[in-house]
Amino acid sequence: MTLKNDVLEEIARIRDTGLREIEEATDAAVLETVRIRHLARKAPLSQILRGLGDLDPTERARIGQAANTTRRALEDALTEREAGFGPRVATAGVDPTRPGLRPARGHAHVLTQTEDRILSIFRGMGFAVARSRDIEDDYHNFEALNIPKGHSARDMQDTFFMSENIVLRTHTSPGQIRVMKSTPPPVRMVFPGRVYRRETEDASHLSEFHQVEVLYVDHGVTMKDLKGTLAYFARSLFGSDLDVRFRPSYFPFVEPGAEMDIECFQCRKRGCRICKQSGWIEILGSGMVHTWVLREVGYDPEAVSGYAAGMGVERIAMLRHGITDIRLFYENDLRFLTQF
Amino acid sequence: MRFSLEWLRRYVDIDESPHRLAARLTMAGLPVDQVEAPAVIPPTVVVAKILDARPHPNADRLRVCRVDAGQGELTIVCGAPNARTGLYSPLATIGTTLPSGMTVKEAKIRGEKSQGMLCAEDELGLGTDHDGIIELEPAAPGTPVSEILGKGDTFFEVDVPSNRGDCLSHIGLAREIAALTGRPFRVPAVDVSESGKAIASAFQVTVENPDDCPRFTAHLIRDVTIGPSPEWLVKALESVGQRSINNVVDVSNFVLLETGQPSHAFDLDRIRTERIHVRLARAGEKLTTLDDVPRELSPEVLVITDGERAIAAAGVMGGADTEVHDGTTNILLEVACFKPERVLRGSRRLRLETDAALRFRRGVDPVGLIWAARRAVALFAEIAGGKVAPGMIDVVNPAILEPRTVSLRPARVGALLGEDVSTNDIEARLTAFGFKMPAKTNGVWPVSVPSWRRDVTEEVDLIEEVARHRGYDAIGERLYNASGVSAPIQPEELSRQDARQILRGFGFDEVVTRSLTEATQAVRAGLDESTVNANVVKLLEPPTRAEEGMRVTMIPDLLSVVARNLRHGQTDVRVFELGKTFHERAALATDVGLFKNTSADADLPVELTWLALASTGGEVPPSLERVSRPAGFQGFKGAIEGLLHARHIDAPKWRFYNGLRLVPEGALEVLSGSVSLGFAWEVSAKVREAWDIARPVYVAQLRFDLLPEENGKAPQYREPSRFPAVRRDLALVAPEGTHDAELKGWMASQAGASLVSIELFDEYRGKHIPPGRVGVGYSLTFRAMDRTLEEKEVDAAIAQIVSALAERGITRREG
């Protein structure tokens, strides 16, 4: 009896010690020593199991059962504990030196990216977007914008004619007329679109390019608003610390007219190749909507006033991205397109 | 226009540096594009005399010069071929910093000491010459070279706005500078002594079209001697880039550059009559102009005639017959004012751009032209020795001499600028520009506009003058958002962004191609020639064949993009463009339905907005780094279906299209219900050959404006079923050509509401399938909202489908 109880007690002790040691093991090496101590061939538990054959059959059954249960318990605990020391992720086996398998990704054209950017700045200031036709009549492209036949400003934009009265729009300004003629004030809109001018093509001129027109007409809009809005736009696009200046300019459909320059972001006014040594870069033309135009679209210039502006998308994209040849936009070389 | 600073100084004092003046003009609306100032030569560059020059012992091309630079002798090593004994040349002494930024140091050059540098033109910034050192006139050695060279004039290139014709002259710009700086403006006095018979008794002028020629003056100068111009005149003209011709022509050009007023000198003895008559040319009338080109006139051109034949194209160019020549003795000087539009037409018609025409188009000063005429006459007398006949002939429409009055309400200035401007300030600034400001009546100023400011016609023009004089910097900035909210993105804009984003997600790169094209491009892409020709909107005067008209299809442009990129070594090209095509309205009137008119402008051509796509099928070679994109036409078609799906078109219909419109015969048309959305096809071998593309290319054009708009409405939630789905595969044998979408429709109509999806997973032809038929495998998913479906319910649904399909000749495939 005594022998049997002693053995059973020892088995229980092995079990308790073993489980505690497994529990307390801090890494796989410690765990291995625990395994050797309790489950190796020379471990006490193994010796008990090996000695079972010498025992009395009744004792053999009870002791054998206790010893085997303990061994299994220790083995299970070890396996479980071992798993805890193993990799925490299932990707441990992959080879990190192999490249991934990338899905195809298309790129937005840098011109539409630039246009999107411009539009989103104005959208944030409450401007809606309107698109208008490329083929225009003389009235919307010229007459209604205070550029009658024979006007000197017609020289400024050499025009493609489809017939005496039908032209490819030379600017996005006809959109102003179309919107104002169909909408009572206030209007606050931007008009992106393609425009056409008869140009000798070179690194900075193409006969087709893109513009964004800006128009705001409401009660009490002043030149101060023009300056504030357009300067905010320029700083949003090119950098909030840049100096912006306005200087008088002439466009027949605005008066007073203003050209907006930004401080050259390359040389900071010191003069460089980008700003042609002037320290300033011309960004857009603008002005207060001419009273003549307001009357023409049926607005009352005594009651409302407004400003308009127009900018070249290619020019802005070229400045932002350091692109030196406007023709690159239309060559659509993927080695170019995928850079943006 | 190019202006000379020295010339401007005849009329106004200019104290500021050229760059300050340029900045002032730029900020006043007369942008100075370029300032050409003479080089500043450092004072340590002095005159040196070469005492002797011997060859360098260790270098063939160098010489060792002993020079006298005023303060003793120096040794200079020099590479210039013209370095020789006795030559006077600029020497940059030790310590001089040259315009290039280089500082001259004492050096040993191939073993010989060099104590300075003898300079070529480019090294002093005086020019571009680098062939040898500058050869100076003898001068005392040691004299700073800046006292001898580099004291030249400064030039301004001013981009005069098209409304400021008055500034296309030195007097005009000087007047503006005086107004901006507050300095006095002075015009030289003109003194003409007259002798002989009065012009009125010798000559007559009549004007038939006073509208086109509101003022015409004539002066008569007798006994001139044609010869070279004096040096001051030659220099003045050359300084602004004009060549001296002879004294009479030069005077005319000088006065134009001085006053902006063109004039024309006729050889009086070559005018066959004693009169001048101004009228519109007759059809077929001819004139050989000064450039010896015979030109045919038209009634668009105003001409100066001798009563019988044209002797000059008014405002554009004189005639060769009556041109001043070496033997000319008597001159009739015409100084006139022509209507800008008439001169524009004349110059367009004759295809002649002249300095005179430019000035007339911009408008000349009808009052100031008298001074210009007297100026020219005085100069003829002075430098060509002419005798001026007393008086002048002046045919004038008196209305043009009346000063224009424009009303100005002082309060409007502040209201438009957003800044308070006092009435005193307004008055001072307008007065500075030459406006006359009589007393206000009822608070309104009847401002009198100077005769040279033809551009000022309205109150806002005066407000701009005030703002311009104050400077736009004096206006503050206000960022004021009246409604306080940003604009919601509009459905169309949202759709554009959305479609572009989806296609990029499918691996398509966005391109932007041009609208102007050659019509045959569309034909080369396989479109019907007569249809193309009926559609294309052509330019009246195309600059090149490649820009003869507007595109009627975007496919050729995309094919060009594909070809170019394959040529550059891309292995798979997938591109799209959101763009427009343009069509003659008459051509589309016959195309009912397909090209639904999208514009209300009935007189203008139709513009259609498309999403155009092109794709070469599949990556070559396949890659271990990129997911291979769906290849073949099915992959391309799938991208289109994916796009349509995103726009809530779940079951587009595809069919062969055999109309003769703007796609090649046999293209696939895709429809949503009965609305045609566009076309897709693989381009033929012939088209590929035309673009030199060796690989299959799939293209499509989808009517962007007919795709349902992203309307911004929030989609409404539908609860998914909590019960498990049952999947069944159904193998069928169908007649070849059975439409997948139709077959699915038949199955769906039989299965009841619990059939939630059908997907094609297999297609098989061959063994066990009779010819003319095809094996298709569909995977059907059943699921009910309210319960777990029982096997027998699904079995019953399948049986129902199978028996219904059997009636259509589609059988279940056994085994």
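This is a short walk through three parts of chain B: a covered strand with its partners, a helix, and an open sheet with two helices packed on it. Please keep in mind throughout that what we are looking at is a predicted model.

Let me begin with strand β29 of chain B, which runs over residues 606-616 and is mostly covered, with eleven of its eleven residues buried. How are the two faces of β29(B) covered, residue by residue? On one side the buried residues are V606(B), L608(B), W610(B), A612(B), A614(B) and T616(B), while on the other side E607(B), T609(B), L611(B), L613(B) and S615(B) are buried as well.

As for its partners, β29(B) pairs in the antiparallel sense with strand β28 of chain B, residues 574-583, over ten bridges, and within that pairing K580(B) stands opposite T609(B). β29(B) also pairs with strand β33 of chain B, residues 697-703, again in the antiparallel sense and over seven bridges; here S615(B) has Y698(B) as its bridge partner.

I turn now to helix α16 of chain B, residues 555-567, where a simple check on length is possible: at 1.5 Å a residue its 13 residues should span 18 Å, and the end C-alpha atoms are indeed 18 Å apart, which agrees. Since buried here means under 20% relative accessible area, we can go on to say that α16(B) is largely enclosed by the rest of the structure, because ten of its 13 residues are buried. Those residues are I555(B), P556(B), D557(B), L558(B), L559(B), V561(B), V562(B), A563(B), N565(B) and L566(B). Just after the helix, G569(B) takes a positive phi of about 95°.

The last part is an open sheet of four strands in chain B, in the order β35-β36-β34-β37, with antiparallel pairing. Its edge strands are β35(B), residues 755-764, and β37(B), residues 811-812, each of which pairs on one side only. Between β35(B) and strand β36 of chain B, residues 773-782, the antiparallel pairing extends over eight bridges, and L755(B) has F782(B) in β36(B) as its bridge partner.

Which strands does helix α20 of chain B touch as it packs on this sheet? Helix α20(B), residues 740-751, touches β34 (726-735), β35 and β36 of chain B, and its direction makes about 140° with that of β35(B). Helix α21 of chain B, residues 791-806, packs on the sheet too, touching β34, β36 and β37 of chain B, and the direction of α21(B) makes about 10° with that of β34(B).

Notes:
Residues are numbered from 1 along each chain as its sequence is written. Chains are lettered from A and ligands numbered from 1 in the order in which they are written. This is a predicted model: local features need pLDDT of at least 70, side-chain atom pairs count only at pLDDT 80 or more; totals for chains, interfaces and linings use all residues. Side-chain values use heavy atoms; hydrogens and water are left out. Buried means under 20% relative accessible area, exposed over 50%, partly exposed in between (1.4 Å probe, protein chains only). Two strands pair if DSSP finds at least two bridges between them. The expected span of a helix is 1.5 Å times one less than its number of residues. Contact means heavy atoms within 4.5 Å. Axes are lines fitted to C-alpha atoms, for helices over the stretch in contact, and angles run from 0 to 180 degrees between N-to-C directions.
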